[in-house]
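Trainee: I would like a close look at a single part of this model, the largest pocket. Please describe the pocket and its lining, and then go on to some residues elsewhere in the chain.

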Amino acid sequence: MRNFLVKTIANAGALAVAVWALDKITLTGDNTAKKTGTLIAVALIFGLVNWLVKPVVKVLTFPLFILTLGLITLVVNALMLLLTSWVCGKLDLSFHVEGFWTAVLGGLIVSVVSWALHVVLPDED
């Protein structure tokens with residue numbers, strides 16, 4: 001359970017950095033508490049998308065991983081961020097990613113910040 005909370009907090013922090021750094025990734029809310037709650041919900045959805053969908057996409061695109069020496073990971077991360085944005089739209093959460101290239105840059109930011117936070121935060125299985 002603790003590992004799940006650490007990963008969710010790391011994802012929320014990484015998504016917050018992406019929202020802060022890129023104008024075309026938006027998170028709206030009336031106040032800071034509402035934005036924080038929305039960010040936690042988005043982090044949960046993002047974690048769920050990465051847990052359910054990403055392994056399937058990676059298996060289906062395995063030849064492209066070999067061909068591009070892993071650079072297709074940027075595209076896969078962008079697609080996961082766009083899928084998260086779509087799901088949030090369906091659930092009426094105020095998180096939106098506008099465009100594929102914004103998603104690529106946002107996915108890169110989320111990956112780097114999430115990795116850095118996982119290094120700093122305690123991780124116990």
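Mentor: A definition comes before the lining can be sorted: Ala, Val, Leu, Ile, Met, Phe, Trp, Tyr, Cys and Pro count as nonpolar, Asp, Glu, Lys and Arg as charged, and the others, Gly among them, as polar. Keep in mind also that this is a predicted model.

The largest pocket holds about 340 Å³ of space. It is lined by 15 residues, and those closest to its centre are Phe4, Lys7, Asn11, Gly47 and Leu48. Three elements each give two or more residues to this lining: α1, α2 (32–52) and α6. The biggest share comes from α2, with seven residues. Sorted by the definition above, the lining of the largest pocket has seven nonpolar residues, seven polar ones and one charged. Lys counts as charged, and Lys7 is among the residues closest to the pocket centre, so the one charged residue of the lining is Lys7.

Next, take residues from the helices, beginning with α1. Helix α1 covers residues 2–21 and includes Thr8. Thr8 has a relative accessible area of 9%, so it counts as buried, the limit being under 20%. Leaving aside residues up to four places away in sequence, Thr8 touches Ala43 and Leu44.

Thr84 lies in helix α5, residues 72–90. Its relative accessible area is 0%, so Thr84 is buried too. The side chain of Thr84 reaches the backbone oxygen of Met80 at 2.8 Å. Beyond four places in sequence, Thr84 touches Val42, Ile45, Phe46, Val49 and Phe95.

Helix α6 spans residues 100–120, and Val112 is placed there. With 49% relative accessibility, Val112 is partly exposed, because the exposed class begins over 50%. Val112 and Ala14 are 98 residues apart in sequence, yet their C-alpha atoms are 8.0 Å apart in space.

That leaves the aromatic rings. The model has one aromatic pair. Phe100 and Trp101 form this pair, with 5.2 Å from centre to centre and 75° between the planes. The pair counts as edge-to-face because the angle is over 60 degrees. The two partners fall into separate accessibility classes: Phe100 is partly exposed at 30%, whereas Trp101 is exposed at 67%.

Definitions and conventions:
Residues numbered from 1 in each chain as written. Predicted model: local features only at pLDDT ≥ 70, side-chain atom pairs only at ≥ 80, totals over all residues. Heavy atoms only, no water. Phe/Tyr/Trp six-rings, centres within 6.5 Å; stacked < 30°, edge-to-face > 60°. Buried < 20%, exposed > 50% of the residue type's maximum accessible area, 1.4 Å probe, protein only. Helix = DSSP H or I, 4+ residues; strand = E, 2+ residues; numbered from the N terminus. Contact = heavy atoms within 4.5 Å. 1 Å grid on protein atoms, 1.4 Å probe; cavity = no way out; pocket = protein on both sides within 12 Å on 5 of 7 lines; lining within 4 Å. Points joined across faces, edges and corners; volume = space filled by probe spheres on them. Polar contact = N/O pair within 3.5 Å; in protein donor to acceptor, adjacent residues only side chain to side chain.
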